[in-house]
Amino acid sequence: MSFALSRRGFLGAAAAAAGVAATGWAGGARLLGPGDPGLLLPSQVALPRPFTAELPIPRVLEPIRRDAGADYYEIVQRPTELEILPGLRTPAWTYGGSFPGPTILARSGRRSVVRHRNELDQPAVVHLHGGHTPADSDGYPMDLILPAHAAAHPTHHAGRDVAAGQRDYTYPNQQGAATLWYHDHRHGGTGYALWQGLAGFHLVHDDEQDALGLPTGARDLPLMITDRSFAADGSFRYPRAGAHQHGVTAPYMNGVLGDVILVNGAPWPVARVDAARYRLRLLNASNARRYRLELDPQPPGGDALVQIGSDGGLLGRPIAHDRLDISPAERFDIVVDFSRYRPGTRVRLLNRLGSGATAEVMSFDVTGPTGDNPPLPARLRTEPALDPARAVTTRTFHFQLRPDHGWTINGLPYEAGRVLARPRLGTVEIWRLISDFHHPIHLHLDPFLVLSRNNRAPNPADAGWKDTVDLRPAEAVEIAVRFTDHAGTYMLHCHNAEHEDMAMMADFVTE
Ligand code: C2O
Ligand code: CU
Ligand code: CU
């Protein structure tokens, strides 16, 4: 895809943004090198041996009721003590008692109505990340569910919608097969809420996908990758700012990095796999940590990670990679053919951006051969087109640290109700996203196509429909987006959860 850019204006803006980075932050945080956005918060416990815990698979949530057009679910958000590290108790905030929360299996075109009851002692907000969702169910950061025990009357203050004790979120699922996830989205405290455990999968299936013969059932593994730190008593460590402040203490404002890597809530787990193809739905649900995922050993001939989908759903055709960079909130749907390994091989999933314990993620132990290993089709689907040449508007967003305001968009810290863009539904727009530092930028409501990076072709891993794009330091990324169907207020923000809480977020209104 090619699109004409004004080369001079574009690169000049990127260089100006880079200049901002060099000025640093009055709070004392230093800007770190590429690949290391954030500061390590070490655990105060002995770390467990890798590859001893078995990979947990989050349970699939049963609807409490179905009718002709919808499945109805109920999730109780509540404090729960989990055993994440052997022999230690970790108090967590959970969706339904587990971390990750239960998986919602949705059918394209069929509504999921999820009642969230809040039995935490904190207000909560739920967002379906990647969902094409009406604004009143999108989890605007001020649309709180107050704790059930404190609930009096639902109120509308400052024009926002505050619910008492529980709220029903309606997800039309009018989108193709995709790996979505739901998570907390409270204003100023999302990083802490995520760290405490409020995240789960929401998988959309459709007929087109089902006809492809992709690995299913026990060979379709959702993998939620997170990092965490633990205090001596087993609780999660997190450098929370004061009770009435947003985000984290100044040294951690670049992002909080843990030294324990969890997959589906278990430290460095092991999965026993047949010598066959598996679909791995990789989700980086970490607050700030980026990973460069690679299998070790590589299979003969390389190309181990065959990507079939990105954030927004299936690609047109598979793309083979040796390694994948995944920033917070991104998803890569990949197929790995373990029949390329000799049975008995331990295949480790490495993080080439980590060091020491964080350089490993999990392992796959290849068991016996199997007679049944269906091939992967060469074509996955006809990709819907979006022609950037038909764009009606170009908008520019600068993501930068400002000594006076923290993390900002176009120089402004988040303020509810301040609208940075008013895109018209159904029209194509070009958004130029310009960074000083690493910022995984996320748009609500609709996915987008990545057109260019610093005026050059995007990376192979930028293919397909994205809802989060990882901006590298001093980078200008152009995307094409078209918002459809739902008029209302939506969010644009950095998905480094600490940046998000410390104000790198903005409202846009579709109309
Ligand atoms: Cu995954 Cu606005 O968030
Ligand atoms: Cu989102
Ligand atoms: Cu950021």
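This talk walks through the copper sites, the strands around them, and several local features of the structure shown above.

Good morning, colleagues. Please keep in mind throughout that we are looking at a predicted model.

I shall begin with the metals. The copper ion named ligand 3 has three protein donors: His439 through ND1, Cys494 through SG, and His499 through ND1. These atoms lie 2.0 to 2.1 Å from the ion. Along the chain, the donors follow the spacing H-x54-C-x4-H. Two of them bring distant parts of the chain together, since His439 belongs to strand 30, residues 439-443, and Cys494 to strand 34, residues 488-494, with their positions 55 residues apart. Both His439 and Cys494 are buried.

The copper ion named ligand 2 is coordinated by His127 and His442, each through NE2, at 1.9 Å. Here again distant parts of the chain are linked: His127 is in strand 7, residues 126-129, and His442 is in strand 30, 315 residues apart. Are these two histidines buried or exposed? His127 counts as buried because its relative accessibility is 1%, under the 20% limit for that term. His442 has a relative accessibility of 0% and therefore counts as buried too.

Strand 30 has now appeared at both ions, with His439 at ligand 3 and His442 at ligand 2. Let us follow its pairing. Strand 30 pairs with strand 34 in the antiparallel sense, over 3 bridges, and within that pairing Leu443 stands opposite Leu492. Strand 34 is in turn joined to strand 35, residues 505-510, by 6 bridges, and these two strands also run antiparallel. Leu492 stands opposite Ala506 of strand 35. Of the 7 residues of strand 34, 6 are buried, so this strand is largely enclosed by the rest of the structure.

Strand 35 leads us to the interior space of the model. The structure holds 1 cavity of 30 Å³ or more. The largest cavity contains about 40 Å³ of space. Its lining includes Ile409, Tyr414, Arg418 and Met505. Which element gives the largest share of that lining? The answer is strand 35, with 3 residues. Ala506, which we met opposite Leu492, is one of the lining residues.

I turn next to an open sheet elsewhere in the chain. This sheet has 5 strands in the order 17-25-24-19-22, with mixed pairing. Its edges are strand 17, residues 270-275, and strand 22, residues 323-326, each of which pairs on one side only. On average, neighbouring strands in the sheet are turned by 25 degrees against each other, direction ignored. Strand 17 and strand 25, residues 360-369, pair in the parallel sense over 5 bridges. In that pairing, the bridge partner of Ala275 is Pro369 of strand 25.

Two aspartates in loops make a useful contrast. Asp67 sits in the loop between strand 2 and strand 3. With a relative accessible area of 32%, Asp67 is partly exposed. Setting aside residues up to four places away in sequence, Asp67 touches Tyr72 and Arg110. Its C-alpha atom is separated by 9.9 Å from that of Arg111, 44 residues away along the chain. Asp467, by comparison, is placed in the loop between strand 31 and strand 32. Asp467 is buried, because its relative accessible area is 3%, below the 20% limit. With the same neighbours in sequence left out, its contacts include His129, Asp311, Arg331 and His442. His442 is, as we heard, a donor to the copper ion named ligand 2.

Finally, some remarks on the backbone. Most residues other than glycine have a negative phi, and most peptide bonds are trans. Where do we find departures from this pattern? Phe99 and Pro100 are joined by a cis peptide bond, with omega of about -5 degrees, and Pro100 lies in the loop between strand 4 and strand 5. The bond from Asp296 to Pro297 is also cis, with omega near 0 degrees; Pro297 is in the loop between strand 19 and strand 20. Asn264 has a positive phi of about 50 degrees, and this residue is buried, with a relative accessible area of 2%. Phi of Asn455 is likewise positive, near 75 degrees. Asn455 shares with Asp467 the loop between strand 31 and strand 32, and Asn455 is buried at 15% relative accessible area.

Thank you for your attention.

How values were computed. Residues numbered from 1 in each chain as written. Chains lettered and ligands numbered in written order. Predicted model: local features only at pLDDT ≥ 70, side-chain atom pairs only at ≥ 80, totals over all residues. Heavy atoms only, no water. Pairing = 2+ DSSP bridges. Helix = DSSP H or I, 4+ residues; strand = E, 2+ residues; numbered from the N terminus. Axes fitted to C-alpha atoms, helices over the stretch in contact; angles between N-to-C directions. Donors = N, O, S within 2.8 Å, 3.2 Å for Na, K, Ca; no water. Buried < 20%, exposed > 50% of the residue type's maximum accessible area, 1.4 Å probe, protein only. Contact = heavy atoms within 4.5 Å. 1 Å grid on protein atoms, 1.4 Å probe; cavity = no way out; pocket = protein on both sides within 12 Å on 5 of 7 lines; lining within 4 Å. Points joined across faces, edges and corners; volume = space filled by probe spheres on them.
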